Amino acid sequence: MRRWKRCLAALLAALLLAGCTGPAQSGSQSDSVSETASQSDGAQPAVRFTDAMGYEVALESWDRVVSLYGSFAEAWTLAGGQLVGATSDAVEERGLDLGEEVAIIGSVKTPALEEILATDPDFVMLSADIAAQTELHDALTAAGVPHAYYRVDTFEDYRAMMEQFCGLTGRADLYEQNAAEVDRRIETMRALAAGEEQPTVLLLRAYATGVKAKGADQLAGAILADLGAKNLVDQYQSLLEDLSLEEIIAADPDVILVVTMGDEQEALDYLSTNFETNPAWAGLTAVQNGRFVVLPKELFHYKPNARWGESYAYLAKILYPDLAGQLD
């Protein structure tokens, strides 16, 4: 009966999708921690929480879950959950072995509403940072599909997500393994870094047609701030708008880090052609000391989930090489 109702709602949902969008609200990740309401009939208790878009979410079941972001799909499985649908990046970028029974319902930027509804979901997870997904709110609401938006930019965001997910699945052991243990490892690194001299860092995001300096809004930038590094963009705000080689040379950072987007070789070729070929680049302290590092995508472009501790350790060893033996 529920599947029949969903099919009838699909047409209305598609029409709404073409003409309506959700409110441009934003909620903190801490708001996404679930609150469980007791029921007297012995059924699975309902869960209510506020998502990252500020929407109120009410879940009565989470047996048939669809994720529109590979990172969230992985986090759900790390919490012991099962999926009936996921976007293609869960397989292509995260390398998840979902099995033939899990439907691929489009890509992150082009999720297919009809295919989502065809899985008969009782809970859909979406990204608050992707326009094609935020635009699905009205359609999913019209179809009667409970859904929530998430935003994971820091380890604390991931930990809050895992607290909620493991609360839903009842797997406290997996929260301990995939979040609490990681938290303790990160806290140890924070404590070690606190006693060290803070290096200056230039964090770059490179792609095939450009290079930009990044701050704490990028995953690696958030970790750098947490480990006490001095990001050049905090001192030179103009670098965020115009990446000037002259300004970089004047600042002479201790460390230069690069995160690539898209085709890595094309991104590095652009960086080489437009910056590294300049003779002054070779004179930078970071370059001369071998602290010009291209960061691995799996730890700094994609959300690391249970590997957040590895991401912290990777950067901590670059920032504080004398601590390397204590960071494993």
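Select helix H8 (residues 172-194) and helix H16 (residues 308-319) of this predicted model. Their axes lie 9 Å apart and meet at an angle of about 15°; axes are lines fitted to C-alpha atoms over the stretch in contact, with angles from 0 to 180 degrees between N-to-C directions. That makes H8 roughly parallel to H16, the term for angles under 35 degrees, whereas those over 145 are roughly antiparallel, 65 to 115 roughly perpendicular and the rest oblique. The crossing of H8 and H16 is left-handed (the near helix is turned anticlockwise from the far one by less than a right angle; clockwise is right-handed).

Next, display the side chains between these two helices. Val182, Arg185, Ile186, Met189 and Arg190 of H8 are in contact (heavy atoms within 4.5 Å) with a group in H16 that includes Trp308, Tyr312 and Ala316. By class, the residues of this contact divide into 7 nonpolar, 1 polar and 3 charged.

Residues are numbered from 1 along each chain as its sequence is written. Local features need pLDDT of at least 70, side-chain atom pairs count only at pLDDT 80 or more, totals for chains, interfaces and linings use all residues, and side-chain values use heavy atoms, leaving out hydrogens and water.

Keep H8 selected and add H7 (residues 155-169). H7 and H8 pack at an angle of about 160°, with axes 9 Å apart; they are therefore roughly antiparallel to each other. Their crossing is left-handed. Among the residues that meet here are Tyr158 and Met162 in H7, and Val182, Ile186 and Arg190 in H8. The contact of H7 with H8 has 9 nonpolar, 1 polar and 5 charged residues.

Now add helix H2 (residues 70-78), which packs against H7 at an angle of about 50°, with the axes 9 Å apart. That makes H2 oblique to H7. H2 passes H7 in a right-handed crossing. Phe72, Ala75, Trp76 and Leu78 of H2 contribute to the contact, and Tyr158 and Met162 are among the residues of H7 that do so. Here the classes are 9 nonpolar, 1 polar and no charged residues.

Finally, colour the chain by pLDDT, the predictor's confidence in each residue, from 0 to 100. The chain averages a pLDDT of 87, and 87% of the residues score at least 70. Over residues 3-42, however, the pLDDT is below 50. Where pLDDT is low, the predicted coordinates should not be read in detail.

Methods: Helix = DSSP H or I, 4+ residues; strand = E, 2+ residues; numbered from the N terminus. Nonpolar A, V, L, I, M, F, W, Y, C, P; charged D, E, K, R; others polar.
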